[in-house]
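User: Could you take me through the sheet and the aromatic pairs of this structure?

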Amino acid sequence: MTGLKGTGDLDLGTAEQALRRLELTIVRRLDGLLQGAHQGLLPGPGSEFGDSRVYVPGEDDIRRMDWAVTARTTVPHVRDLIADRELETWALADLSPSMDFGTAGMEKRDLVVAAVGAIGFLSGRIGNRFGTYVLHDEYVHRMPARGGRPALYGLLHSLMDAPRGRAVAGAPDLAEAIEILASARRRRGLRVIVSDFLDPEPTLDPGLELPWERPIRRLAAHHQVLAVEVIDPRELELPPVGLVSMTDPETGRSREVQLTPRVRQAYAEAAATQRLTNQVALRRCGVAHLVLRTDRDWVFDIAQFVLRQRRMAHLTHRHPRSGATR
């Protein structure tokens, strides 16, 4: 991988130039859109007290009860917490063989690097640290959490220089990689999973539990979790090109398929059901879900997602009309 595509300019010659262009793209387009009193990609737990709001039974922790406001209004209130300014973020980057695919402006693995870089640059404030687990071949590699631009550049260099994935028997899957991420005993913070969330045996029933669903729920019990789903348009529908040879990147098996209208329709329906299954599963896990596509402007999609999260947080935590105090 010699450069990151999809940033609105031509492919650059060296990895260093690509990373600098990636940073400029994020700083100019994302940071400019998101300036303000925000402290991270998602609102989260912290130690500083914020505003008071009406207590919601079954959802709020009674240890955060604001007794002074409760006594004045005779209505139970809790006090929200402001996210800690020093944030430790860990990302899980899926570089399994299924990510070495792309039919639009970039490959899915390029989009993984772009997403990890965007999160790293946006969360890279003073005192913050950023680390990564990488699912690649038969290992889940760990890159320690460090602060500063040089460390982030080194991490992104390693992701860009990673060779293409190989079909390895017994290689860890996404669920195992998330288990490793969840079992690490570290301070609370932001956890980001960047993957296509494709299993070797796809589940096409939204009511069934997916293999990676339980590990994500365990992870979300202690951290804020952002799931970034990477999609290529050819994974959603097939073109009318007749006879094609298809290879499963995870197993290496090949098969010739005649892409008749009936086959293409069945494929599109199965792909839509599979994506809906992922969406429902992530909603059950209670995590934020961001979809990035290789044929779309990923910077714009990230910006829109962050703005939606901020609006939702504002609507959730604002004072109600009755019983509120200033």
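Analyst: The answers below concern a predicted model.

User: What is the strand order in the open sheet?

Analyst: The order is β5-β4-β3-β6-β7-β10, with mixed pairing among the six strands. At the edges are β5 (139–146) and β10 (288–293), each of which pairs on one side only.

User: How do β4 and β5 run, parallel or antiparallel?

Analyst: They run antiparallel, and six bridges join them. Thr132 stands opposite Met143 in β5.

User: And β7 with β10, parallel or antiparallel?

Analyst: β7 and β10 run parallel, again with six bridges. Ile231 has Arg293 in β10 as its bridge partner. Helix α7 (residues 261–285) lies across both strands, at about 175° to β7.

User: Which side chains of β10 are buried?

Analyst: Ala288, Leu290 and Leu292 are buried and point to one face, whereas His289, Val291 and Arg293 point to the other and are not buried. In a regular strand, side chains alternate between the two faces of the sheet.

User: Changing topic: how many aromatic pairs are there?

Analyst: The search of the whole structure finds three. One of them, Trp90 with Tyr133, is tilted, at 5.3 Å centre to centre and 40° between the planes. Trp90 is in strand β3 and Tyr133 in strand β4, so this pair ties together parts 43 residues apart in sequence.

User: Are those two residues buried or exposed?

Analyst: Trp90 is buried, with a relative accessible area of 1%, and Tyr133 is buried at 6%.

User: What is the geometry of the Phe197 and Trp212 pair?

Analyst: That pair is edge-to-face, with 5.1 Å centre to centre and 65° between the planes. Phe197 is buried at 0% relative accessibility, and Trp212 is buried at 0% as well.

Methods. Residues are numbered from 1 along each chain as its sequence is written. This is a predicted model: local features need pLDDT of at least 70, side-chain atom pairs count only at pLDDT 80 or more; totals for chains, interfaces and linings use all residues. Side-chain values use heavy atoms; hydrogens and water are left out. Two strands pair if DSSP finds at least two bridges between them. Helices (H or I, at least four residues) and strands (E, at least two) are DSSP runs, numbered from the N terminus. Contact means heavy atoms within 4.5 Å. Axes are lines fitted to C-alpha atoms, for helices over the stretch in contact, and angles run from 0 to 180 degrees between N-to-C directions. Buried means under 20% relative accessible area, exposed over 50%, partly exposed in between (1.4 Å probe, protein chains only). Rings of Phe, Tyr and Trp (its six-membered ring) pair if their centres lie within 6.5 Å; planes under 30 degrees apart count as stacked, over 60 as edge-to-face and the rest as tilted.
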